[in-house]
Structure formats: C-alpha cells, structure tokens
Amino acid sequence: EEMGRLSNDAFLAGLDKHFANVRSAGSLFITFKRYVATPGKFGVPKSDQSEPMCLVRAKLGSKAISTLVMEKDVTRFQGSLGTMMKGNMDSLKQVEKKKKERKAKTAAV
C-alpha cells in the first residue's frame, strides 16, 4: 500500500489508531531514520529544507504511515510518542524464568 506522509500530529493520531488495531492485526513496526533532502535533477534541491530531519515510519500489516520530524520539533515529538507508547504497552507478557532447569542442575550435583 502507498505510504502516507502525514504531519507530526496526524501521524501520532494515526499511530494511536494502529495501536488500537494491533491485537487483531499482528505486529506494529516503528522505524526511525535520518533524512536529508537530496538534490533533484540538474543539482536543484527538491526541498528548501537544509537542516537534518528524522523520518519516522509505522507499519501495521499492509498499512503504513510516515512523517518527517524537523530538528526543532524532535523533543516535543519524542515526548508525545513516548507517552503514547507507554500507554499502549500494557498487555506485554512477562517472560517466565525457567526455574525447573536450575533446580534440576543443583539437585544433580
């Protein structure tokens, strides 16, 4: 599916919708990548943005969204994203430690 490039706030809203559907649709992948605008044909810049940006992508099944975060907005965006992730990671299962194997080893000695 075509990836939609959204504003930062629209991306966070879309990510919240993805989190709501993640239990039925599978895994949600979020990636971060440094993004620098590259020159287009004849050396003319495609964008007037010369400062580095962060490309953030979220993919759930075949649905994908992305946004470009400007350097000046990174702190606010990361705070909002962190709050959202903490609120939506409530159903993670704790890994059970294998105590039976450890007891069997000490009993054999």
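Met 84 has its place in helix α2, which covers residues 74-88, and the model in which this helix appears is a predicted one. With a relative accessible area of 14%, Met 84 is buried, because a residue counts as buried when that value is under 20%. Leaving aside its neighbours within four places in sequence, Met 84 is in contact with Leu 12, Leu 15, Asp 16 and Phe 19. One of these partners, Asp 16, is 68 residues apart from Met 84 in sequence, although the two are 7.3 Å apart in space when the distance is taken from C-alpha to C-alpha.

**How the two helices pack**

Two packed helices are described by the angle between their axes and by the distance between those axes. For α1 and α2 the angle is about 10°, and the axes are 11 Å apart. Angles under 35 degrees count as roughly parallel, and α1 and α2 are therefore roughly parallel to each other. On the α1 side, the contact is made by Asn 8, Asp 9, Phe 11, Leu 12, Leu 15, Asp 16 and Phe 19, while α2 contributes Arg 76, Phe 77, Ser 80, Leu 81, Met 84, Met 85 and Asn 88. Sorted by class, this contact of α1 with α2 has eight nonpolar, three polar and three charged residues.

**An aromatic pair between the helices**

How many aromatic pairs are counted in the model? The count comes to one aromatic pair. The rings of Phe 11 and Phe 77 have their centres 6.0 Å apart and their planes at 40°, so the pair is tilted; planes under 30 degrees apart would count as stacked, and planes over 60 as edge-to-face. Because Phe 11 lies in helix α1 and Phe 77 in helix α2, the pair ties together parts that are 66 residues apart in sequence. Both rings belong to residues that count as buried, Phe 11 at 0% relative accessibility and Phe 77 at 2%.

**Another residue of α1**

His 18 lies in helix α1, which spans residues 8-25. Is His 18 buried or exposed? His 18 is buried, with a relative accessible area of 9%. Not counting residues up to four places away in sequence, His 18 touches Leu 28, Ala 58, Leu 60, Lys 63 and Ile 65.

The table gathers the accessibility values given above.

| Residue | Relative accessible area | Class |
|---|---|---|
| Phe 11 | 0% | buried |
| Phe 77 | 2% | buried |
| His 18 | 9% | buried |
| Met 84 | 14% | buried |

Terms used. Residues are numbered from 1 along each chain as its sequence is written. This is a predicted model: local features need pLDDT of at least 70, side-chain atom pairs count only at pLDDT 80 or more; totals for chains, interfaces and linings use all residues. Side-chain values use heavy atoms; hydrogens and water are left out. Helices (H or I, at least four residues) and strands (E, at least two) are DSSP runs, numbered from the N terminus. Buried means under 20% relative accessible area, exposed over 50%, partly exposed in between (1.4 Å probe, protein chains only). Contact means heavy atoms within 4.5 Å. Rings of Phe, Tyr and Trp (its six-membered ring) pair if their centres lie within 6.5 Å; planes under 30 degrees apart count as stacked, over 60 as edge-to-face and the rest as tilted. Axes are lines fitted to C-alpha atoms, for helices over the stretch in contact, and angles run from 0 to 180 degrees between N-to-C directions. Angles under 35 degrees count as roughly parallel, over 145 as roughly antiparallel, 65 to 115 as roughly perpendicular and the rest as oblique. Ala, Val, Leu, Ile, Met, Phe, Trp, Tyr, Cys and Pro count as nonpolar, Asp, Glu, Lys and Arg as charged, and the others, Gly among them, as polar.
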